[in-house]
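Biologist: I am new to this structure and would be grateful for a close look at a single part of it. Please begin with one pairing of charged side chains, and then set that pairing in its wider context.

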Amino acid sequence: MSASHDIAVLGVGMHPWGKWGRPFTEYGVIAARAALDDAGIDWRDVDLVVGGETVRNGYAGYVAGATFAQALGWNGARVATSYAACATGAQALDTARARILAGLAEVALVVGADTTPKGFLAPNAGERWDDPDWLRFRLLGMTNPAYFALYARRRMDLYGATPEDFAQVKVKNARHGLANPNARYRKEVTVEDVLGSAVVSDPLHLLDICATSDGAAAVVVSSTEYARKIGLDRLVRVNAVSTVTPTFPNTVLDMPNISTDSRQGHRPERTFKESIAHAAYEEAGIGPVDVGLAEVYDLSTALELDWMEDLGLCERGQAESLLRAGETTLGGRIPVNPSGGLACFGEAVPAQALAQVCEVTWQLRGHATGRQVEDARVGITANQGLFGHGSAVVLST
């Protein structure tokens with residue numbers, strides 16, 4: 001694995017997910033202080049703060065980097081703010097990485113936090129006819145679960161997936177999340193519980209779909225040279241951060257856009273989600289066979305199965321077979337979402353990709369008590385944001 005563009009993870013921290021109704025800044029500060037404590041770094045040693053923007057929380061959310069820096073106590077650090085919908089945290093991490101590798105920063109704090117309303121994550125208020133997010137709600141009535149259901153139906157038609165398969169993903173992740181102190185939902189469920197819950201968008205039931213949550217995650221990163229200087233030997237390294245965009249033609253439905261066909265009949269070498277992982281593997285100098293665990297974006301249970309294939313963890317149409325054989329649970333060949341995933345956390349948008357990095361870091365350190373993946377050495381994260389945002393992060397020790 002090439003180390004020329006690696007950075008070190010010095011510390012990670014989270015505020016537990018839930019529905020607390022507090023200002024997002026409070027959550028972010030708690031996560032940031034936890035990450036600084038974990039790193040053994042004084043706040044005054046941080047020379048860059050990158051905040052994940054939260055669009056539902058007023059002006060303070062739009063300038064999250066400065067908001068968190070002020071809340072922690074102005075220390076003169078440089079600031080930046082990133083927004084990439086659900087991929088926000090990874091894009092913020094990539095901003096920190098770029099400045100560290102350029103020699104423009106030594107220690108960076110990356111923070112994402114959110115306070116979400118009840119119900120669907122709807123667009124901001126007002127009529128905006130040039131805003132595709134607003135248009136999909138106004139013209140199509142397409143809430144996110146409707147897209148999740150389209151993806152699920154596609155798996156059923158193409159690969160023979162069943163509602164029972166989808167329910168089994170929830171059962172697995174709920175079991176993983178039992179031992180996670182930051183998870184919102186810590187309760188075992190059965191296939192019958194999932195199939196007996198209300199249908200939200202056929203074929204998906206209420207327990208197939210993640211909630212909207214409050215929460216926060218933070219990561220302290222530095223150059224590998226700085227990490228060694230302060231006495232850290234067994235480093236968790238960020239080997240790659242992929243933030244690629246789609247390429248046309250987009251021949252597979254891509255929420256919330258519509259698929260596009262090529263007049264020449266051309267099909268791209270990879271779908272958008274496949275290209276996210278491919279870029280990360282290429283940058284890290286590894287392949288799917290090297291990965292020991294994955295944290296993926298299970299907005300719905302069916303989407304977890306899609307991500308397994310997009311990450312190359314199995315061949316197309318084989319995800320259900322791995323799930324049924326127990327290969328994606330703790331103790332299996334490739335544990336997926338050992339944290340419990342969004343099934344146990346819900347969405348706190350700017351924090352999600354950073355929460356995945358926190359979990360993989362704990363796993364690689366051997367600190368994931370009660371949900372530890374044995375001999376974890378390499379982990380990958382993956383998620384997708386609206387309108388051409390995607391991310392994957394590769395970490396190793």
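Modeller: The part chosen is the pair Arg138 and Glu127, whose side chains meet in a salt bridge with an N to O distance of 3.3 Å. Please bear in mind throughout that this is a predicted model. Arg138 belongs to helix α5, which spans residues 132-140, whereas Glu127 sits in the loop between β4 (107-114) and α5. The two positions are eleven residues apart in sequence, so the salt bridge ties together these parts of the chain. As to their surroundings, Arg138 is partly exposed, at a relative accessible area of 45%, while Glu127 is exposed, at 54%. The general principle is that side chains of opposite charge can pair when their charged atoms come close.

The loop that follows α5 also merits attention. Thr143 is found there, between α5 and α6 (144-159). With a relative accessible area of 15%, Thr143 is buried, because the limit for that class is under 20%. Apart from neighbours within four places in sequence, the residues in contact with Thr143 are Phe120, Arg136 and Phe137.

The pair described above may now be set beside other salt bridges, of which the structure holds 23. One of them joins Arg324 and Asp165, with 2.6 Å from N to O. This pair links distant parts of the chain, for Arg324 lies in helix α12 (residues 319-324) and Asp165 in helix α7 (residues 163-177), 159 residues apart. The accessibility of the partners is as follows: Arg324 is exposed, with a relative accessible area of 53%, but Asp165 counts as buried, at 6%.

Another salt bridge is formed by Asp42 and Arg44, where the closest N and O atoms are 2.9 Å apart. Here Asp42 counts as partly exposed, at 33% relative accessibility, and Arg44 as exposed, at 67%. Beyond such pairs, there is a network of salt bridges that links Arg155, Lys273, Glu274, Asp306, Glu309, Asp310, Arg316 and Glu320.

Covalent links between cysteines are a separate matter. A disulfide is a covalent bond between the sulfur atoms of two cysteines. The count of disulfides in this model comes to zero. Cys210 illustrates the point: the closest cysteine sulfur, in Cys86, is 8.3 Å from the sulfur of Cys210, and this is too far for a bond because a disulfide requires the two sulfur atoms to be within 2.5 Å. Cys210 counts as buried, at 11% relative accessibility, and Cys314 likewise counts as buried, at 12%.

A last view concerns the packing of two helices. Helix α4 (residues 88-101) and helix α14 (residues 352-365) have axes that come within 5 Å and cross at roughly 70 degrees. The helices are therefore roughly perpendicular to each other, since angles of 65 to 115 degrees fall in that class. On the side of α4, the contact is made by Gly89, Ala90 and Leu93, and on the side of α14 by Ala353, Leu354 and Val357. Sorted by class, the contact of α4 with α14 comprises five nonpolar residues, one polar residue and no charged residues.

To return to the starting point, Arg138 in helix α5 and Glu127 in the loop between β4 and α5 form a pair that ties together parts eleven residues apart in sequence.

How values were computed:
Residues numbered from 1 in each chain as written. Predicted model: local features only at pLDDT ≥ 70, side-chain atom pairs only at ≥ 80, totals over all residues. Heavy atoms only, no water. Salt bridge = Lys/Arg side-chain N within 4 Å of Asp/Glu carboxyl O. Buried < 20%, exposed > 50% of the residue type's maximum accessible area, 1.4 Å probe, protein only. Helix = DSSP H or I, 4+ residues; strand = E, 2+ residues; numbered from the N terminus. Axes fitted to C-alpha atoms, helices over the stretch in contact; angles between N-to-C directions. Parallel < 35°, antiparallel > 145°, perpendicular 65-115°, else oblique. Contact = heavy atoms within 4.5 Å. Nonpolar A, V, L, I, M, F, W, Y, C, P; charged D, E, K, R; others polar.
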